[in-house]
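Here are a few short exercises to work through with the model open beside you. Try each one yourself before you read its solution.

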Amino acid sequence: MPQLAAFAILIFILYVGDVVAIKTRSRLPSIFIGAIFFLIGYWTFFPDDIVEVAGFPTPVVYLALYLLVTNMGTLLSLEELKRQWRTVVVALVGITGIAITLLTVGRLFLDYQTAIVVTPPLTGGIVSSLIMSEAAANAGLEGLAVLAILIYVMQGFVGYPLTSFLLQREGRRVLAGHRDGTWTTPADMPAETSSGTLAPARLFADLPAEYDTVYFKLFRLGLVALAAWGCAELIRPVFEISPFVLCLVAGVVASSVGFLERQPLERANSFGFVIMILMLFILGGLYRATPDMLVDLAGPMFGAIFLGVAGMSVFSFVAGKLLGMTPAMAFACSLTALYGFPADYVITNEVVNSLTDDEGERAILSAHMLPSMLVAGFVTVTMVSVVLAGIFAGLV
């Protein structure tokens, strides 16, 4: 397949996803529609490496991921991170609900080894899935090795629309409170967020605008991401931590001290292109899900997903009630375990845009929902799921 043909096909799929999301007011998120078309494509004429053929090999994807995660950090503040401790607790309790449900109720339907193998992939992303797949393969359980990957590939089909529904409920509640005057905006919410405008980076406020070019913005963003990656490499012999977690924190710190403006990728007119790269990479993982695999493993796969999500909903509901979060927001935060970043950002942003056309209201909705979804996604997928997979791999 020619490179430009692959590029045109993939971008058209993303466009169709956007159109459906707009038409359904995000009840069907674009990433959900894109996943369906990618599956059809892989089952018919797509080459397995169509994303790379289109011009996005793994190094480019990782560059985009480092920049985007750092950019996401600029949307948060140090005070916001402190305020998100409830989100962290709810996300952890939701993961606990998945594990407990699968290892108790799940044992009525799944054998011991299946329950062990499917639990970590349901609590996180591709890394935990690969760890469990390798552990199952080493134990001679080839079917379960494939199942670990399929769980990762297919769980988004449940997580995407369910998260969109929950965030729409939460967003309508916030909008109603804002419009009748009962919603209180956080005192530390930056002025540019509440007004929908964007201020320059504080340390470079006196720099003439003609010198604050796209390249200067990207240079500073790349420098912050490099510092975060360097810190992760430096402490790796002592403590293993994902560089993406440090990129998020570095973005928060850099914007708080004024080295980065908020949303530098948007200012550099690069955000859409970077998001596109990551969306294609995520959807490209569907090449593993062949029709034969889905048929053979449909029972344990969908059974595990259903039980895990059910357990998550109960545990996150209780945790949300105890910590003062609405059931919809608590469950949505826990559901980030099924897909992580950047899907959590994409879905939240689509819901915000579907609920109102007013930029000020969109800023208020984003300030309420986006920090919680981002923090929850990083807690579940980037951190906890890998630890859990490391523990469960020894139990296979």
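**Exercise 1: Salt bridges**

Count the salt bridges, taking one to be a side-chain nitrogen of Lys or Arg within 4 Å of a carboxyl oxygen of Asp or Glu.

Solution. By this rule the count comes to eight salt bridges. Before you go on, keep in mind that this is a predicted model, where local features need pLDDT of at least 70, side-chain atom pairs count only at pLDDT 80 or more, and totals for chains, interfaces and linings use all residues. Residues are numbered from 1 along each chain as its sequence is written, and side-chain values use heavy atoms, with hydrogens and water left out.

**Exercise 2: A pair between two helices**

Find where the partners glutamate 361 and arginine 179 sit, and decide whether each is buried or exposed.

Solution. Start with the distance: the two side chains form a salt bridge at 3.0 Å, N to O. Next, place them: glutamate 361 belongs to helix H19 (residues 359-393) and arginine 179 to helix H10 (residues 156-179), so the pair links distant parts of the chain, 182 residues apart. (Helices are DSSP runs of H or I, at least four residues, numbered from the N terminus.)

Now apply the cut-offs: buried means under 20% relative accessible area and exposed over 50%, with a 1.4 Å probe and protein chains only. Glutamate 361 has 11%, so it is buried; arginine 179 has 54%, so it counts as exposed.

**Exercise 3: One arginine, two partners**

Which acidic side chains does arginine 220 meet in salt bridges?

Solution. One is aspartate 212, at 3.2 Å, N to O. Another is glutamate 261, at 3.1 Å, N to O. That second pair links distant parts of the chain: arginine 220 is in helix H12 (residues 214-235), while glutamate 261 is in the loop between helix H13 (243-257) and helix H14 (264-267). Arginine 220 and aspartate 212 are buried, and glutamate 261 is buried too. Finally, add Lys217: Asp212, Lys217, Arg220 and Glu261 are linked in a network of salt bridges.

**Exercise 4: A glycine and its neighbours**

Is glycine 284 buried or exposed, and what does it touch?

Solution. Glycine 284 lies in helix H15 (residues 271-284). Its relative accessibility is 9%, so glycine 284 counts as buried. For contacts (heavy atoms within 4.5 Å), leave out residues up to four places away in sequence, and you get Phe38, Tyr42 and Val51. Phe38 and Tyr42 are among the buried residues of H2, and H15 is one of the elements covering the buried residues of H2.
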